[in-house]
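Work through the exercises below with the coordinates open. Try each task before reading its solution.

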Amino acid sequence: MRIGEVAARADASTRQVRFYEAKGLITSTRGSNNYRDYDETALGRVRQIRELLNAGLSTEVIRAVLPCLASPRDPIVFEGVTAETVAALERERVRMSTRIDVLARNRDAIAAYLSELRKHAG
């Protein structure tokens with residue numbers, strides 16, 4: 001599929017798709033007309049990348065974990081992993097856990113508030 005279709009289906013811009021490709025996060029092939037051609041795997045990756053970016057991960061961290069996202073256990077990529085990558089992933093895990101805790105507390109507070117509103121609304 002062409003870049004415009006990938007972007008539309010992934011709720012991204014064509015510029016973002018090009019950026020992800022430039023960062024080595026997705027790949028495309030080139031047709032005889034020299035247009036980029038993406039497969040369904042690239043579409044899924046763009047969606048994953050957007051979710052991870054929205055969660056606050058950097059493109060460097062995303063590049064490190066993308067190979068493991070299709071299946072968390074197979075294949076785990078060991079070559080090229082540095083102590084810095086492990087430390088960055090640990091920081092991201094802690095940051096995400098903290099964010100999840102804050103979101104859960106806020107969700108519970110809103111639920112309690114809604115419950116009280118419903119009681120008084122009749």
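The exercises on this predicted model go from overall shape to single residues.

**Exercise 1. Overall fold**

Task: State how many helices and strands the chain has, and in which pattern they follow along the sequence.

Solution.
1. Count the elements. The chain has 5 helices and 2 strands.
2. Read them in sequence order. The pattern is α-α-β-β-α-α-α.

**Exercise 2. Globule or not**

Task: Set the radius of gyration of the chain against the value for a compact globule of 122 residues.

Solution.
1. Take the reference. A compact globule of 122 residues would come out near 14 Å.
2. Take the model. The chain has 19 Å.
3. Look at the box. Along the principal axes, the C-alpha atoms fill roughly 65 × 40 × 25 Å.
4. Check burial. Buried residues make up 23% of the 122 residues.
5. Check the surface. About 8700 Å² is exposed, and carbon and sulfur atoms supply 55% of that area.
6. Check contact range. Of the contacts between residues at least 6 apart in sequence, 52% join residues at least 24 apart.

**Exercise 3. The nonpolar core**

Task: Find which helices supply at least two residues each to the largest nonpolar core, and which gives the most.

Solution.
1. Start with the principle. In soluble globular proteins, nonpolar side chains tend to be buried together.
2. Size the core. It holds 23 residues.
3. Pick the members that touch the most others. They are Val6, Val17, Ile26, Tyr38, Val46, Ile49 and Ile62.
4. Assign helices. H1 (3–9), H2 (14–22), H3 (40–54) and H4 (59–69) each supply at least two residues.
5. Rank them. H3 gives the most, with 5 residues.

**Exercise 4. Two core residues**

Task: Say whether valine 46 is buried or exposed, then list the contacts of valine 46 and isoleucine 49 beyond four places in sequence.

Solution.
1. Locate valine 46. It lies in helix H3.
2. Apply the cut-off. Buried means under 20% relative accessible area. Valine 46 has 0%, so it is buried.
3. List the contacts of valine 46. They are Val6, Ala10, Ala12, Val17, Tyr20 and Ile26.
4. Check one C-alpha pair. Valine 46 and alanine 10 are 36 residues apart along the chain, with C-alpha atoms separated by 6.4 Å.
5. Turn to isoleucine 49. Its contacts are Tyr20, Leu25, Ile26, Ile62 and Leu66.

**Exercise 5. The start of the chain**

Task: Say whether methionine 1 is buried or exposed, and name what it contacts.

Solution.
1. Place it. Methionine 1 is in the segment before H1.
2. Classify it. Its relative accessible area is 16%, so methionine 1 is buried.
3. List its contacts beyond four places in sequence. They are Val6, Arg9, Arg36, Asp37, Tyr38, Asp39, Glu40 and Leu43.
4. Check the distance to glutamate 40. The two C-alpha atoms are 8.1 Å apart, across 39 residues of chain.

**Exercise 6. Salt bridges**

Task: Contrast the salt bridge of glutamate 40 and arginine 9 with that of arginine 95 and glutamate 92.

Solution.
1. Get the total. The structure holds 7 salt bridges.
2. Take glutamate 40 and arginine 9. Their closest N and O atoms are 3.2 Å apart.
3. Place this pair. Glutamate 40 is in helix H3 and arginine 9 in helix H1, 31 residues apart, so the bridge links distant parts of the chain.
4. Check exposure. Glutamate 40 is partly exposed at 48%, and arginine 9 is partly exposed at 37%.
5. Extend the pair. Glu5, Arg9 and Glu40 are linked in a network of salt bridges.
6. Take arginine 95 and glutamate 92. The N to O distance is 3.0 Å.
7. Place this pair. Both are in helix H5, 3 residues apart, so about one helical turn separates them.
8. Check exposure again. Arginine 95 is partly exposed at 30%, whereas glutamate 92 is buried at 15%.

**Exercise 7. Backbone and surface**

Task: Find where aspartate 11 and asparagine 34 lie, and which residues make the nonpolar surface patch of about 400 Å².

Solution.
1. Take aspartate 11. It lies in the loop between H1 and H2, with a positive phi near 55 degrees.
2. Check its exposure. At 61% relative accessible area, aspartate 11 is exposed.
3. Take asparagine 34. It sits in the loop between strand E1 (29–30) and strand E2 (36–37). Its phi is positive too, about 70 degrees, although it is not a glycine.
4. Name the patch. Ile110, Tyr113, Leu114 and Leu117 make it.
5. Anchor it. Isoleucine 110 is found in helix H5 (residues 83–121).

Definitions and conventions
Residues numbered from 1 in each chain as written. Predicted model: local features only at pLDDT ≥ 70, side-chain atom pairs only at ≥ 80, totals over all residues. Heavy atoms only, no water. Patch = residues over 30% accessible without salt bridge, like charges linked within 9 Å, V, L, I, M, F, W, Y side chains within 5 Å. Areas by Shrake-Rupley, 256 points an atom, 1.4 Å probe, with all protein chains shown as cover. Salt bridge = Lys/Arg side-chain N within 4 Å of Asp/Glu carboxyl O. Helix = DSSP H or I, 4+ residues; strand = E, 2+ residues; numbered from the N terminus. Core = buried A, V, L, I, M, F, W, Y, C linked by side-chain atoms within 4.5 Å. Buried < 20%, exposed > 50% of the residue type's maximum accessible area, 1.4 Å probe, protein only. Contact = heavy atoms within 4.5 Å. Rg over C-alpha atoms; globule rule 2.2 N^0.38 Å.
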